[in-house]
Amino acid sequence: MNTKYIDLIDQTYYFPQEEFNLDGEHLQFHGIPLNELVKQYGSPLKFTYLPKISENILRAKNWFANAIEKNNYKGKYHYCYCTKSSHFQHIMHEALKNNIHMETSSAFDINIIEKLKADGKLSNDTFVICNGFKREKYIDNIARLINNGHQNCIPIIDNYEEIDLLSDAINDTFKVGIRIASEEEPKFEFYTSRLGIGYKNIVPFYENQIKDNDKVELKMLHFFINTGIRDNAYYWNELVKCLKVYVRLKKICPSLDSLNIGGGFPIKNTLAFEYDYQYMINEILNQINITCSEADVPVPHIFTEFGSFTVGESGGAIYEILYQKQQNDREKWNMIDSSFITTLPDTWAINKRFIMLPINRWNDEYERVLLGGLTCDSDDYYNSEQNMNAIYLPKYKREKPLYIGFFNTGAYQETIGGYGGLQHCLIPQPKHILIDKDENGNFTYKLFRSQQKAEDLLNILGYEVEPENE
């Protein structure tokens, strides 16, 4: 009988895959020997594989270049990184190796932009697209950036007051975009996005607040779909409505020349993942070509804001199975040496699924289990793989340690989980390893942060504990 874990994977998926393969019974991720990583650094740990960030940026740029050529598209393409996905310096530095632009969402993002400029990582030619609801500090920071010469900073207007606030704070002329309040997918609890200005109000808003304002130049229409760019009727319907607004606006606003098709590409969350990126981009540009041709207006330059697609597939987390609890006749709980709530918050907050695979023991027999975290919270668990409705792992054996990895976790988890801060039930934040390649193609490893210590958490709580001598 085929009872080994490797047999289960072989009969369920095409394996090995581009990023996953085996060295004996040990899993490798992009060639990284994960078992050796655990031996060197222990568990729990998180890691970031930096080359994957550049790889995905270059893939997207290539897809758009192909689509522009195929469709004889007359506009340019600009790749923006959505900073809220991960603000870390090592992420930004890697992404900026690839001649990209930035999208921000709040006031302190601008401080990061200014630090990157001071370090020579980006220039005044870099587009900085400023999204989000703009309170006083965000307005002030945007104004400072523009007043200091960054004319390619484009605040995206989210509500009716922002034009006046920006006009008061910015010394000279400046560019803006308008965000469309798209209609949400039917399964949502609300009908229209809280962000942006409604479809029917875009043209009146331009005529009333921008057209006769000598300081303001409208350059961009911003179209964002919360569910991302997907090949379904909902996405294509919203895109068509957006394009109708664009051509109406373009006919009365010659300065408008850019369309931001925000909303991200999906990333791989199962070994059975399939998505035709090139087809989607081809069809988006084709639809824009058709609409603009029928309206007899020039096609816009295209901007995208890819966050998860940029950084998500670079990240991973590794845990050890500490213990197994047989809670009833059917349910076995494998307890990990950390917490899902603190280290992978999307798994319990929005039921997100990541690729989960064992790091070792692929030649052992498998069993069906549930995964539990260390906190005393009943929500601290992970209980199903999206495509299988169950978790299967090599059988628990106390004398044979089992390590598991969650992959493509690099977007949002650290910031949502409050990286470096107070953690639920005072479970410490794991150590974090940066993985890169040197000029000879060899892996390099760097400890970015050690695991939190008791004094780190106690000091946050106000106990003012001195560090212990090591």
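Which residues make the nonpolar surface patch of about 480 Å²? In this predicted model, the patch is formed by Leu422, Leu426, Ile460, Leu461 and Tyr463. Tyr463 lies in the segment that follows helix 15 (454–460). Its relative accessible area is 57%. Tyr463 is therefore classed as exposed, since the cut-off for that class is over 50%.

The interior was examined next. In soluble globular proteins, nonpolar side chains tend to be buried together. The largest nonpolar core here holds 86 residues. Within this core, Leu221 and Ile288 touch the most other members. Helix 9 (residues 233–252) supplies the largest share of the core, with 10 residues. Another core, of 27 residues, lies apart from it. Tyr13, Phe29, Phe47 and Ile435 are among the members of this other core.

The surroundings of Leu221 were then listed, leaving out residues up to four places away in sequence. Leu221 touches Ile178, Ile180 and Ile202. Leu221 also touches Cys242, Val245, Tyr246 and Leu249. Further contacts of Leu221 are Leu256, Ser258, Leu259 and Asn260.

A polar residue, Gln28, was also considered. Gln28 is placed in strand 2 (residues 26–29). The relative accessible area of Gln28 is 15%. Gln28 therefore counts as buried, as the cut-off is under 20%. Gln28 touches Glu19, Phe20, Asn21, Asp23 and Pro33, with residues up to four places away in sequence not counted.

Definitions and conventions: Residues numbered from 1 in each chain as written. Predicted model: local features only at pLDDT ≥ 70, side-chain atom pairs only at ≥ 80, totals over all residues. Heavy atoms only, no water. Patch = residues over 30% accessible without salt bridge, like charges linked within 9 Å, V, L, I, M, F, W, Y side chains within 5 Å. Areas by Shrake-Rupley, 256 points an atom, 1.4 Å probe, with all protein chains shown as cover. Salt bridge = Lys/Arg side-chain N within 4 Å of Asp/Glu carboxyl O. Helix = DSSP H or I, 4+ residues; strand = E, 2+ residues; numbered from the N terminus. Buried < 20%, exposed > 50% of the residue type's maximum accessible area, 1.4 Å probe, protein only. Core = buried A, V, L, I, M, F, W, Y, C linked by side-chain atoms within 4.5 Å. Contact = heavy atoms within 4.5 Å.
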